[in-house]
Amino acid sequence: MVKSIFPTLQGEGYNTGRPAVFCRFSGCNLWNGRESGRSNAICGFCDTDFVGTDGEGGGRFESPATLAAAIHACWSFSSPAFVVFTGGEPTLQLDAALIGAVRENGAVLAIETNGTNPVPEGVDWICVSPKSGAPLRQRSGDEIKIAWPQSGLDLAELERLEFSHRFLQPIDGPDVDHNTAVTIATCRDRPAWQLSRQWHKVLGIP
Ligand SMILES: C[S@@+](CC[C@H](N)C(=O)[O-])C[C@H]1O[C@@H](n2cnc3c(N)ncnc32)[C@H](O)[C@@H]1O
Ligand SMILES: Nc1nc2[nH]cc(C(=O)O)c2c(=O)[nH]1
Ligand code: SF4
Ligand SMILES: [Mg+2]
């Protein structure tokens, strides 16, 4: 099930500013997506509506080929598409068949995952965003990008994992100004980490 498929610029982390097609899967294993469930959720600060299939380009796709075609229809250039799988939690649905179907057109594939499940082979860019209280099974990748601050996450321990780039991203919401100040201070204390801003929110793009 897919909540939405849309072209935009990657707004976060290492690939900030890069044109991309986002495929947002429905559903997550750390929150049911309903406001009433937020206080009991393992991940309680999520900024995303990933319930159902009612977003732009969303739906139930009958095969990997039809979903791949819908994704590629959002990329109107001759250069290979840059496709970001997100959600919700994309590892609950992204499998070898879909990876194969999307790659067939020479696309570069990226994933935004909470790391609770290993990412399948064939994804070119892995961004892991660990969540306090959830198991971390995908322990290597291209970038680790932590919504910050989160008590219960140990940055010294996370620095030892094999990621090429490390980001802290202020948690958006009612405390965003405070969280931004805390995140700036944490980066200044621990230079292994770089600040990630959610630029799509600043720019008013999806
Ligand atoms: C909506 S999640 C979907 C992918 C996956 N479930 C995950 O958590 O990585 C995409 C990214 O947004 C981050 N994020 C979610 N809510 C946020 C918030 N309120 N402020 C800042 N970043 C947030 C996540 O940590 C993750 O890096
Ligand atoms: N522009 C843009 N960049 C993003 N990077 C990660 C996002 C996500 O929700 O996974 C996201 C998003 O929702 N929009
Ligand atoms: S794990 Fe990701 S999609 Fe799930 S609730 Fe947390 S931020 Fe949202
Ligand atoms: Mg988002």
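**Reading a cavity and two ligand sites**

Colleague: Gln10, Asn15, Phe82, Val84, Ala110, Ile111, Glu112, Trp125, Cys127 and Glu143 line the largest cavity; what counts as a cavity, and what as lining?

Modeller: Rolling a probe the size of a water molecule over the atoms shows where empty space is left. A cavity is a set of points, on a 1 Å grid over the protein atoms alone, where a 1.4 Å probe fits but cannot get out, and lining residues have an atom within 4 Å of a point. This is a predicted model, in which local features need pLDDT of at least 70 and side-chain atom pairs pLDDT 80 or more, while totals for chains, interfaces and linings use all residues. Residues are numbered from 1 along each chain as written, chains are lettered from A and ligands numbered from 1 in written order, and side-chain values use heavy atoms, without hydrogens or water.

Colleague: How many cavities of 30 Å³ or more does the structure hold, and which element gives the most to the lining of the largest cavity?

Modeller: There is one cavity of 30 Å³ or more, and the largest cavity has a volume of about 40 Å³, a volume being the space filled by probe spheres set on the points. β3 (82–86), β4 and β5 (125–128) each give two or more residues to its lining, with β4 giving the most, namely three residues (strands are DSSP runs of E, at least two residues long).

Colleague: Which residues surround ligand 2?

Modeller: A residue is near a molecule if one of its heavy atoms lies within 4 Å of it, and around ligand 2 these are Thr8, Leu9, Gln10, Gly11, Glu12, Phe22, Arg24, Thr86, Glu112, His200 and Pro206. Gln10 and Glu112 also appear in the lining of the largest cavity. As polar contacts (N or O pairs within 3.5 Å), a backbone N or O atom of Leu9 lies 2.7 Å from a nitrogen atom of ligand 2, a polar side-chain atom of Gln10 lies 2.5 Å from a nitrogen atom of ligand 2, and a side-chain N or O atom of Thr86 is 2.6 Å from an oxygen atom of ligand 2. The protein covers 92% of the 320 Å² of accessible area that ligand 2 has on its own (Shrake-Rupley, 1.4 Å probe).

Colleague: Which residues come nearest to ligand 1?

Modeller: Of the 21 residues around ligand 1, the nearest are Phe45, Gly88, Ser129, Lys131 and Asp172. Phe45 brings a backbone N or O atom to 2.8 Å from a nitrogen atom of ligand 1, whereas the side chains of Ser129, at 2.7 Å, and Lys131, at 2.8 Å, each place an N or O atom by an oxygen atom of ligand 1. Taken alone, ligand 1 exposes 540 Å², of which the protein buries 95%.

Note on methods
Polar contact = N/O pair within 3.5 Å; in protein donor to acceptor, adjacent residues only side chain to side chain. 1 Å grid on protein atoms, 1.4 Å probe; cavity = no way out; pocket = protein on both sides within 12 Å on 5 of 7 lines; lining within 4 Å. Helix = DSSP H or I, 4+ residues; strand = E, 2+ residues; numbered from the N terminus.
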